[in-house]
Amino acid sequence: LGLQSIELKGFLAEKYLPPTLQKEDLVRGQPLLLRIQNEGSLNKKTRVISLSAVPEIECLDDAAVENLKLNDLMPGTLLLVNPLQPTASGVYVNIGNGIKGYVSRQHLPPRYRSDPFQCLKSFKTIVMFCQQNSNLLALNGHPDIVAISKFVKRTNFEDIHIGDIIECKVSSIDKNGNVSFDLSLHKDEKNSLLAAFARRTQLEDRIEYKKGTIHQARVLSFKMIERILIVATRKNILTQKMVSVKDAVPGEKVTAKVESVLTKGLFVKIYNSIPGFIPKIHLSDKLITRIDKHFSVGDELTCRILTVDEVKARLILTNKQSLITNKDAIVKSYAEVTPNTITTGYIMSQHPSGGLIIGFYGGTRGFMFPKEVERLGINVKVGLTVRVRVVTVEPQCGRMLVAVANTTNGGTGIVKAQPFPIDGENPISFPAVVVSVSSQGDKLKQKDVLNVTMRLGKKLGGKVKAFIPKELLSDYLDLPFSSLNESIALGSVLPKVAVLGDVAGNLKVTSKHFVIDWLEKHPRITSIQNLTKGELVCGNIIQKHQEMGYFVELVGGSALTAPARFIRPVALSMRKLLIKLKKQLQIGQTVVARVSSVDLERKRFALILDIHLCVPPHAEPDYFAPSMARYALEELNWFIANNPNNSQMPKIGECIDVKILEISERDVVVQYIVDSNLKGIAYTINSTSVLK
């Protein structure tokens with residue numbers, strides 16, 4: 001076999017090929033790692049150099065070692081070394097000609113790892129690197145690393161994969177609390193050449209680690225050079241579904257935490273370690289233009305794994321509720337699917353012929369003919385979720401034909417996420433339990449959000465998660481606390497909450513009694529077609545605008561939003577106008593408005609907010625004020641009764657006994673008799689001095 005390089009020609013005998021490499025398998029131009037054969041002085045006079053493709057069989061001879069220089073020892077050079085000075089962390093070795101090296105404990109042959117002081121005989125090593133400004137070489141003596149012609153040994157970890165649970169025996173514990181393990185094997189098996197390592201942060205706290213004790217551990221990753229498994233013994237890691245991208249299963253549900261918000265989507269982490277990405281098209285079943293308004297860093301989302309991006313080592317996820325809550329068959333492989341299977345996918349793209357490419361899990365796709373696309377109607381967009389039936393599948397070609405699944409809604413297979421049906425047959429409000437308090441928005445504009453679980457009853461599916469923004473908790477606009485986390489006890493029961501809509505697949509609800517009472521007495525507005533000019537509607541202020549006034553979101557679950565203004569009479573004096581302008585409405589405030597215009601073609605409508613125009617015919621301007629005030633006080637009393645400190649706070653309107661502590665010109669500081677830790681202030685309602 002003749003080989004040619006730029007400068008030299010050589011000859012490689014077939015007997016010197018490694019067992020794993022056959023002559024017939026070689027390709028012209030294929031690179032090989034070779035060693036010059038030492039076959040006596042006669043060979044030096046010839047013009048052909050004998051080579052070997054099994055470099056680890058031989059090491060440098062004595063003559064070469066005597067003239068050895070540090071610059072000659074490139075990474076990958078094989079050396080036979082003699083131990084000089086064993087230490088607890090490794091062994092100093094002599095190479096020859098005054099050159100020394102160091103083999104750390106994890107790089108020693110496995111028989112010496114548990115006790116480096118037993119290393120007394122010479123052994124083979126390979127040069128890893130040379131430390132800067134030092135004559136000391138870093139070497140590796142692990143048999144799998146030294147056998148450089150057997151690359152399979154370096155890439156295979158005895159059929160142990162990431163995510164596997166193995167038994168390990170403690171071999172040592174360092175000063176930082178990190179633990180090194182030996183693999184625990186059965187008696188009839190040979191000693192493993194692998195070792196394991198766990199950092200202190202990945203160890204179960206309540207377990208004591210002593211040398212020789214055996215523990216269960218889960219493989220997180222590999223260290224190729226050290227031939228070490230990186231493991232963890234924490235219970236939550238042992239029980240979690242996956243520990244890396246490699247053992248992810250498309251279609252599985254996972255909880256993802258938002259790490260960063262971009263215009264193209266969300267970067268997330270699963271189990272605080274596995275990277276993931278949610279494309280913009282998969283953030284919600286609805287079109288989201290401003291992602292930062294709906295999602296913020298720290299949000300936790302329940303998603304499904306769409307596919308694994310092996311190039312970027314991350315998971316591609318979907319947050320579409322129509323896919324997450326769907327109970328149809330999960331299609332993740334052409335080989336697993338059969339004709340007539342009913343499944344749900346999403347529109348990836350439209351073919352030039354008019355057909356659709358339907359995406360599923362694990363990179364599987366299906367094609368829908370143009371005639372079937374007509375059954376979906378005119379509202380066909382990329383990203384839309386579609387329920388389909390598999391017509392034919394060819395696993396060997398990776399092809400699949402799908403058709404619209406026969407459904408009860410007129411044949412269309414378009415799927416919309418709906419946690420529970422909102423119609424006239426079901427109740428408007430439901431009880432809810434406080435689960436937690438979280439924050440939304442960036443660091444400068446963080447908003448408290450109350451996370452609750454709504455009790456829908458068995459007919460509607462039992463329970464569903466929802467959230468209440470702070471401004472939708474009560475119509476009492478000046479709540480006596482700044483943080484929900486410190487003011488509402490977890491497990492508190494809200495007697496009534498009503499659904500206002502969904503934000504990126506998460507239900508937004510309100511506990512405002514006035515809004516709930518309005519919904520129970522008036523027809524629910526589900527679309528702009530339900531609106532008529534001159535109609536009274538209820539909503540919440542969601543935005544202030546310098547030119548357009550306010551933006552009001554109607555209650556009822558439609559999420560309809562419109563600009564709202566005050567119509568100021570021409571005869572209004574400038575002084576009254578200035579006083580009125582100072583009385584600004586607040587974000588979250590409940591208002592009753594009148595529809596001033598409706599444009600169905602452009603899907604727009606407008607509202608007016610003048611009090612005398614926003615009451616029933618012949619009613620006084622303060623028609624809604626008594627009920628709103630009564631509800632606000634009831635809501636305030638609920639906060640008082642459900643404070644996390646379990647203190648006996650007096651209710652609004654209750655007569656109490658107090659002890660006077662301090663008297664000033666305008667107020668009196670008092671102490672509550674029932675609870676001496678509670679203090680209060682009594683204000684005067686006129687200009688009369690308290691002392692007088």
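Q: What do β5 and β6 form, and how many residues are between them?
A: They form a hairpin, with three residues between them. Keep in mind that this is a predicted model. Strand β5 covers residues 78-86 and β6 covers residues 90-96.

Q: What makes β5 and β6 count as paired strands?
A: Pairing takes at least two bridges, and β5 and β6 are joined by four, running antiparallel. The threshold is met, so they count as a pair. One spot to look at is Gln85, which stands opposite Tyr92 in β6.

Q: How do you know that β5 and β8 pair, and in which sense?
A: Use the bridge count again: β5 and β8 (residues 123-130) share four bridges in the antiparallel sense, and at least two are needed, so the pair qualifies. Here Leu80 stands opposite Lys124 in β8.

Q: What makes β35 and β36 a pair?
A: They have five bridges, in the antiparallel sense, between residues 658-663 and residues 667-672. The cut-off is at least two, so these strands pair. A hairpin through three residues joins β35 to β36, and Ile660 has Val670 in β36 as its bridge partner.

Q: Why does Leu607 count as buried or exposed?
A: Its relative accessibility is 3%, and buried means under 20%, so Leu607 counts as buried. Leu607 sits in strand β34, residues 604-608. Setting aside residues up to four places away in sequence, its contacts include Val537, Val552, Leu554, Ala562 and Val595.

Q: How do you know that Leu607 touches Val537?
A: A contact needs heavy atoms within 4.5 Å, and Val537 is on the list of residues that Leu607 touches. Arg565, Arg594 and Ser596 are also among the residues on that list. As for Val592, its C-alpha is 9.7 Å from that of Leu607, with the two positions 15 residues apart in sequence numbering.

Q: Why is Lys603 called buried or exposed?
A: Lys603 has a relative accessible area of 63%; exposed means over 50%, so the call is exposed. You'll find Lys603 in the loop between β33 (590-599) and β34. Lys603 also has a positive phi of about 55°, although it is not a glycine.

Q: What makes Tyr271 partly exposed?
A: At 33% relative accessibility, Tyr271 falls between the 20% and 50% limits, so partly exposed is the right label. Tyr271 is in the loop between β16 (265-270) and β17 (274-279). Tyr271 is not a glycine, yet its phi is positive, at about 55°.

Q: Why is the pair of Trp518 and Phe624 called tilted?
A: The ring centres are 6.0 Å apart, and the limit for a pair is 6.5 Å. The planes make an angle of 55°, which is neither under 30 nor over 60 degrees, so the pair is tilted.

Q: What parts does the pair of Trp518 and Phe624 tie together?
A: Trp518 lies in helix α9 and Phe624 in the loop between β34 and α11, so the pair ties together parts that are 106 residues apart in sequence. Trp518 is buried at 8% relative accessible area, and Phe624 is buried at 16%.

Q: What makes Tyr623 and Phe624 edge-to-face?
A: Their planes are 85° apart, with centres at 4.9 Å. Edge-to-face takes over 60 degrees, so the label fits. Tyr623 counts as partly exposed, at 45% relative accessibility. Phe514, Trp518, Tyr623 and Phe624 form one aromatic cluster, and the structure holds nine aromatic pairs.

Q: How do you know that Arg630 lies over the face of Tyr631?
A: Arg630 is 5.0 Å from the ring centre of Tyr631, and the distance limit is 6 Å. The Arg630 placement over the face is listed as such.

Q: Which residues of the largest nonpolar core touch the most other members?
A: Out of its 39 residues, they are Leu450, Val452, Met454, Ile468, Ile488 and Val509. Elements giving two or more residues to this core include β26 (447-457), β28 (493-503) and α11 (625-641). Apart from it lies another core of 20 residues, including Met242 and Cys303.

Key
Residues numbered from 1 in each chain as written. Predicted model: local features only at pLDDT ≥ 70, side-chain atom pairs only at ≥ 80, totals over all residues. Heavy atoms only, no water. Buried < 20%, exposed > 50% of the residue type's maximum accessible area, 1.4 Å probe, protein only. Core = buried A, V, L, I, M, F, W, Y, C linked by side-chain atoms within 4.5 Å. Lys NZ or Arg CZ within 6 Å of the ring centre and 35° of its normal.
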